[in-house]
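Dear colleague,

I am handing over a structure to you with this email, and I would be glad if you kept it open while you read the notes that follow it. Please take your time with it, and look up each residue as it comes up.

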Amino acid sequence: MNPVFYLFDEQLQENGILQVAYSIPYSDEEQLSHEQINTDTTIEFGHSLESQIQGQIDAGFVITGFYEDNFGGQKLLDSYCNSFIATKALKT
């Protein structure tokens, strides 16, 4: 995910409101209550772009491609930026 995705309150987004609620890096474990996190819920983390991309480079990968995408217009954030990123990386 693009770290920008984790800046905004997801419930408010579903109601058409973009309101900054969190900072990056993001962690559900730090932001949500124990009641909001249960065994049936995926815990999400929003790492910075630097930690994502530089982490690959530090591990010996060479970035050979980059792609962005969104939710296909289904999310309010799609009007402003892409929520997904992908790299193509080759191990050197």
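**What was found**

Phe71 is partly exposed, its relative accessible area being 22%, and I begin with this residue since several of the notes below come back to it. Please keep in mind throughout that this is a predicted model.

Phe71 lies in the loop between strand 3 (61-69) and strand 4 (84-91). Its ring forms an aromatic pair with the ring of Phe84, with 4.7 Å from centre to centre and 55 degrees between the planes, and this pair is tilted. Because Phe71 belongs to that loop while Phe84 belongs to strand 4, the pair ties together parts that are 13 residues apart in sequence. Phe84 is itself partly exposed, with a relative accessible area of 29%. On the face of the Phe71 ring there is also a charge to look for, as Lys75 lies over it at 5.2 Å from the ring centre. A second arrangement of this kind is found at Phe61, where the charged end of Lys91 sits over the ring, 5.1 Å from its centre.

How many aromatic pairs does the count come to? The count comes to five. One of them joins Phe5 and Tyr6, whose ring centres are 5.3 Å apart and whose planes stand at 90 degrees; since an angle over 60 degrees counts as edge-to-face, that is the name this pair receives. Phe5 counts as buried at 10% relative accessibility, and Tyr6 is buried as well, with a relative accessible area of 8%. Ring pairs link Phe5, Tyr6, Tyr22, Tyr26, Phe71 and Phe84 into a cluster, and you may find it helpful to colour these residues before you read on.

It may now help to step back to the whole chain. The protein has three helices and four strands, and read along the sequence they follow the pattern α-β-α-β-α-β-β. Taken along the principal axes, the C-alpha atoms fill a box of roughly 45 × 30 × 25 Å. Of the 92 residues, 17% count as buried, and the accessible surface comes to about 6,400 Å², of which 51% belongs to carbon and sulfur atoms. Among the contacts with a separation of 6 or more, 44% are accounted for by residues that are 24 or more positions apart.

Helix 1 (residues 10-14) offers a useful contrast between two residues. Gln13, which is found in this helix, is buried, with a relative accessible area of 7%. Leaving out residues up to four places away in sequence, Gln13 touches Phe5, Phe8, Leu18, Leu76 and Leu77. Glu14 also has its place in helix 1, but Glu14 is exposed, with a relative accessible area of 53%. Which distances separate Glu14 and Leu76, in sequence and in space? Glu14 and Leu76 are 62 residues apart in sequence and 7.5 Å apart in space, going from C-alpha to C-alpha.

Helix 1 comes up again at the largest pocket, where it supplies the largest share of the lining, with four residues. About 410 Å³ of space lies in this pocket. The lining is made up of 16 residues, and those that lie nearest the centre of the pocket are Glu10, Tyr22, Tyr26, Asp28 and Leu32. You will recognise Tyr22 and Tyr26 from the ring cluster described above.

In the loop between helix 1 and strand 1 (26-27) you will find Pro25. A cis peptide bond joins Ile24 and Pro25, with omega at about 5 degrees.

Last, please look at Ile53, which is found in helix 3 (residues 49-58). Is Ile53 buried, exposed or partly exposed? Its relative accessible area is 24%, and because this value falls between the limits of 20% and 50%, Ile53 counts as partly exposed. Apart from its neighbours within four places in sequence, Ile53 is in contact with Ile63, Phe66 and Thr87. Phe5 can be set beside these, since Ile53 and Phe5 are 48 residues apart in sequence and 17 Å apart in space, again from C-alpha to C-alpha.

With kind regards

Terms used. Residues numbered from 1 in each chain as written. Predicted model: local features only at pLDDT ≥ 70, side-chain atom pairs only at ≥ 80, totals over all residues. Heavy atoms only, no water. Buried < 20%, exposed > 50% of the residue type's maximum accessible area, 1.4 Å probe, protein only. Contact = heavy atoms within 4.5 Å. Phe/Tyr/Trp six-rings, centres within 6.5 Å; stacked < 30°, edge-to-face > 60°. Lys NZ or Arg CZ within 6 Å of the ring centre and 35° of its normal. Areas by Shrake-Rupley, 256 points an atom, 1.4 Å probe, with all protein chains shown as cover. 1 Å grid on protein atoms, 1.4 Å probe; cavity = no way out; pocket = protein on both sides within 12 Å on 5 of 7 lines; lining within 4 Å. Points joined across faces, edges and corners; volume = space filled by probe spheres on them.
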